[in-house]
Amino acid sequence: MSDVVAATPAPVDAEQQLQEHTYKFNVAMSCGGCSGAVDRVLKKLEGVKSYEVSLENQTATVVAEPSLAYEKVLKTIAKTGKKVNTGEADGVSQSVEITA
């Protein structure tokens, strides 16, 4: 019986996933100007609920509306000229290849 309960996701988690996505990127940033550039583009991106750019950890974490796709955030960060080394969406590794 406990196997059935463990396999069933909690309703709160399901609701939260419908309300937002969490995208995490490892971005090559060497100075405050680099992290500032990423900060500026994320601040302007429609659909971003919140974000954090860390120069120390070389990361950009974005909490987004369900309508904002991972690929859109990836392309937006890449437009700054910074190299995106890795990316994940809702805890699942994603490609960092930019498609036309």
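Which residue in β3 is the bridge partner of Val48? I will come to that in a moment. What you have on the screen is a predicted model, and I will go through the sheet, then the helices on it, then the aromatic residues.

Back to the opening point. The bridge partner of Val48 is Ala64. Val48 opens strand β2, which covers residues 48-54, and β2 runs antiparallel to β3, residues 59-64, with six bridges joining the two. Four residues sit between these strands in the hairpin, and one residue to look at there is Gln58, which has a positive phi near 60°.

Now the whole sheet. It is open, it has five strands, and the order is β2-β3-β1-β4-β5, with antiparallel pairing. At the edges are β2 and β5, the latter being residues 92-94, and each of them pairs on one side only. From one strand to the next, the twist averages 20°.

At the β5 end, β4, residues 84-89, is joined to β5 by three bridges, and these two strands are also antiparallel. Here Glu88 has Ser93 of β5 as its bridge partner.

Two helices to mention next. Helix α3, residues 32-44, packs on the sheet and touches β1, β2 and β3. The direction of α3 makes about 180° with that of β2. Helix α4 packs on the sheet as well, with contacts to β1, β3, β4 and β5. The angle between the directions of α4 and β1 is about 30°.

That brings me to the aromatics. How many aromatic pairs does a search of the whole structure find? Two. In one of them, Tyr23 and Tyr70 meet edge-to-face, with 5.8 Å from centre to centre and 75° between the planes. Tyr23 belongs to strand β1, residues 21-27, and Tyr70 to helix α4, residues 70-78, so this pair ties together parts that are 47 residues apart in sequence. Both Tyr23 and Tyr70 are buried.

The other pair is Phe25 with Tyr70. Why is this one called stacked? The ring centres are 5.3 Å apart and the planes are at 20°, and planes under 30 degrees apart count as stacked. Phe25 is in strand β1 and Tyr70 in helix α4, so here the parts tied together are 45 residues apart in sequence. Phe25 is buried, as is Tyr70.

Put together, the ring pairs link Tyr23, Phe25 and Tyr70 into a cluster. On the screen, then, look for Tyr70 in α4 and for Phe25 in β1. That is what I have.

Note on methods: Residues numbered from 1 in each chain as written. Predicted model: local features only at pLDDT ≥ 70, side-chain atom pairs only at ≥ 80, totals over all residues. Heavy atoms only, no water. Pairing = 2+ DSSP bridges. Phe/Tyr/Trp six-rings, centres within 6.5 Å; stacked < 30°, edge-to-face > 60°. Buried < 20%, exposed > 50% of the residue type's maximum accessible area, 1.4 Å probe, protein only. Axes fitted to C-alpha atoms, helices over the stretch in contact; angles between N-to-C directions. Contact = heavy atoms within 4.5 Å.
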